[in-house]
2 protein chains.
Amino acid sequence: MTSMSVPDGTELPERPSADAWRPVHRSRAYELVVERIEEQIATGALTVGDTLPAERELSERLQVSRAAVREAIRSLEAQGAVRSSVGSRPTAGTQVVAMTSDALTRLLRLHVALSNFPLADVVEARIMLERSSATLAAQNAAERDLTSLRELLDRMDDPTIDQATFNDLDTAFHVALAESGHNRLVTDMTIAIRESMKAPILQAFGTLEDSAALIERLRGEHREIFEAIAEGSAQRASERIEAHIRGAHASLWGGDSPSDDAPQSGSAVAS
Amino acid sequence: MTSMSVPDGTELPERPSADAWRPVHRSRAYELVVERIEEQIATGALTVGDTLPAERELSERLQVSRAAVREAIRSLEAQGAVRSSVGSRPTAGTQVVAMTSDALTRLLRLHVALSNFPLADVVEARIMLERSSATLAAQNAAERDLTSLRELLDRMDDPTIDQATFNDLDTAFHVALAESGHNRLVTDMTIAIRESMKAPILQAFGTLEDSAALIERLRGEHREIFEAIAEGSAQRASERIEAHIRGAHASLWGGDSPSDDAPQSGSAVAS
DNA sequence: GCCGTTCTGTGGTCAGACCACTGGACCGGT
DNA sequence: ACCGGTCCAGTGGTCTGACCACAGAACGGC
């Protein structure tokens, strides 16, 4: 689907009477169940916090097996829209929730591991996203956002820090920065992309000769970015964060082409 | 998860010896299956195009029921990583695929319908994304990309066009524009966001007094954007597309605040 | 009034069966 | 030799019915 629409730009609005013989689509039971549930969400009959009917009841009402209902729920769960928990009334059953960043992160991490995206593309996208985050943060950051960022900076200063912890804190810093912009979508996308780079970055870190030097440099850059945001200078903040990310990646993946294939996930050696 | 890290910036890197008594996580069988499969993907043992073992075999090897295996597959399918099909050998079974934009689109549409994101945030994010798309397109567009865009422009000129078709073509135009930038991640995100706005936009279109006038204006703006890209002027292209999107949304959702709640999905009246 | 027990409803899991579909092997007629 | 149909094996898709573990609420003895 991603790379359809070749030269002729063929897309949804098919030319009349063209390919009327496209294959019929045989929906699976669980897909129909998903549709029904999404319908309820679309019409507003089901919103965040609501609880779905019990699986047994749903399966009876929709006239499908419980397995079909469960598969539908697994699908929605993977998209971060519902969450199931056992028990009795209050904590009961399957609730509609909002776990976008979780779901986005899982999705992106999976596809990064599948190397569906050239690493360079991911880096470019990340730069674009975080420039935007930085701009928004410079404009909208509240005092407690700055406090949060400051604390992370301080914790990163720990001289005995190991690579994995620094990586975690660095991630947390960029996440907190995104949250300072107060745009949910941009934040969630930023989190997802930084989070899905965590493993590859840590691995690359492990292969570095002098990681301490890089860490020291990143510390300084973080503080400069922070200052730009604290001053409310969107321009400077976005420029600095671009340089920061670009520089970090250059150091990690070397000046040479960032190995187009498999960034490889899995726990790296670390420290 | 989205809104953790309150003031104190608490995150993954928990302070040592703190909350060592956090609740144990009881994994469900299907989650373990997902993990195993992701493991195979992470190590590169499983890549795009490969076929998973048959459900029955997998369930036996992992010592879980087939239902658990199936739920795991549904989860991965929802993330656009695998696809199942019946049959015999060649088309057989569950394959690892790459349907990022599909999965991303579904996810985003769902959460837009859930109104997890204020509409204004989505618009801001879209502007940022498409600015980037336009910039990349101006730099990297090949001849066939331009041809594709041109054809869509022509088809949008049809004077007898109805709102729904125009909306589809408009979507296709923005998608083609994103694809012209040749950055897979940015493209997929752009597609997802434009696609998830389709229903709300169509609905807003239906409430318009003079939709023909808006369509006419959009046609002109599209051509101006196209020209900037064809000239390779990234600066102009990104400025124009921002003005284009901002203007369109202003017309659609009015100058007043864009109703923070439920953009509401579902098929709108159209034409 | 307190606290332990029982009850009830929920998701989690499993085993086993059957169906629908696909492609290939096979075999007959031409 | 070719073509066509039939059969077969293997796959996902679906269903049924059962049991388990858990969490809260109602109950009942102290």
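**Exercise 1. Describe how H1(A) and H3(A) pack, beginning with their angle and the distance between their axes.**

Solution. In this predicted model, H1(A) and H3(A) pack with their axes 8 Å apart and at an angle of about 60 degrees, where axes are lines fitted to C-alpha atoms, for helices over the stretch in contact, and angles run from 0 to 180 degrees between N-to-C directions. Helices here are DSSP runs of H or I with at least four residues, strands are runs of E with at least two, and both are numbered from the N terminus.

The next step is to name the orientation. Angles under 35 degrees count as roughly parallel, over 145 as roughly antiparallel, 65 to 115 as roughly perpendicular and the rest as oblique; H1(A) and H3(A) are therefore oblique to each other. Their crossing is right-handed, a word used when the near helix is turned clockwise from the far one by less than a right angle, while anticlockwise gives left-handed.

The last step is to list the residues that meet, two residues being in contact if their C-beta atoms, placed from the backbone, lie within 7 Å. H1(A) contributes Ala29(A), Tyr30(A), Val33(A), Val34(A) and Ile37(A), and H3(A) contributes Ala68(A), Val69(A), Glu71(A), Ala72(A), Ser75(A) and Leu76(A). By class, this contact of H1(A) with H3(A) has 9 nonpolar residues, 1 polar and 1 charged, where Ala, Val, Leu, Ile, Met, Phe, Trp, Tyr, Cys and Pro count as nonpolar, Asp, Glu, Lys and Arg as charged, and the others, Gly among them, as polar.

Before going on, a note on conventions: residues are numbered from 1 along each chain as its sequence is written, and chains are lettered from A and ligands numbered from 1 in the order in which they are written. Local features need pLDDT of at least 70 and side-chain atom pairs count only at pLDDT 80 or more, whereas totals for chains, interfaces and linings use all residues.

**Exercise 2. Work out how H6(A) and H7(A) are oriented to each other, and place Glu179(A) in the picture.**

Solution. Start again from the axes: those of H6(A) and H7(A) come within 10 Å and cross at roughly 165 degrees. H6(A) and H7(A) are therefore roughly antiparallel, and their crossing is left-handed.

Then look at the residues. From H6(A), Asp145(A), Ser148(A), Leu149(A), Leu152(A), Arg155(A) and Met156(A) take part, and they meet residues of H7(A) that include Phe166(A), Phe173(A) and Glu179(A). The contact as a whole divides into 9 nonpolar, 2 polar and 3 charged residues.

Finally, turn to Glu179(A), which belongs to helix H7 (residues 163–180) of chain A. Glu179(A) counts as buried because 27 C-beta neighbours lie inside 10 Å; a residue is buried with 20 or more other C-beta atoms within 10 Å of its own, exposed with 12 or fewer, and partly exposed in between, the C-beta atoms being placed from the backbone. Glu179(A) is 12 residues from Ile191(A) in sequence, and their C-alpha atoms are 9.0 Å apart in space.

**Exercise 3. Find where Gly80(A) lies and which residues Gly80(A) touches.**

Solution. Gly80(A) sits in the loop between H3 and strand S1 (82–84) of chain A. With 27 other C-beta atoms within 10 Å, Gly80(A) is buried. Leaving aside residues up to four places away in sequence, Gly80(A) touches Met99(A), Thr100(A), Asp102(A) and Ala103(A).

**Exercise 4. State what chain A gives to the contact with chain B, and describe the surface near DNA strand D.**

Solution. Begin with the two chains: the contact takes 69 residues from chain A and 68 residues from chain B. On the side of chain A, H4(A) gives the most, with 10 residues, and the whole side divides into 33 nonpolar, 20 polar and 16 charged residues.

Continue with the DNA, where a residue is near a strand or molecule if its C-beta atom, placed from the backbone, lies within 6 Å of it. Of the 25 residues around DNA strand D, Ala29(A), Ser65(A), Gly87(A), Ala54(B) and Gly93(B) come nearest. The elements that give two or more residues to this surface are H1 and H3 of chain A, together with helix H2 (55–61) of chain B. H3(A) supplies the largest share, 3 residues, and by class the surface near DNA strand D has 10 nonpolar, 9 polar and 6 charged residues.
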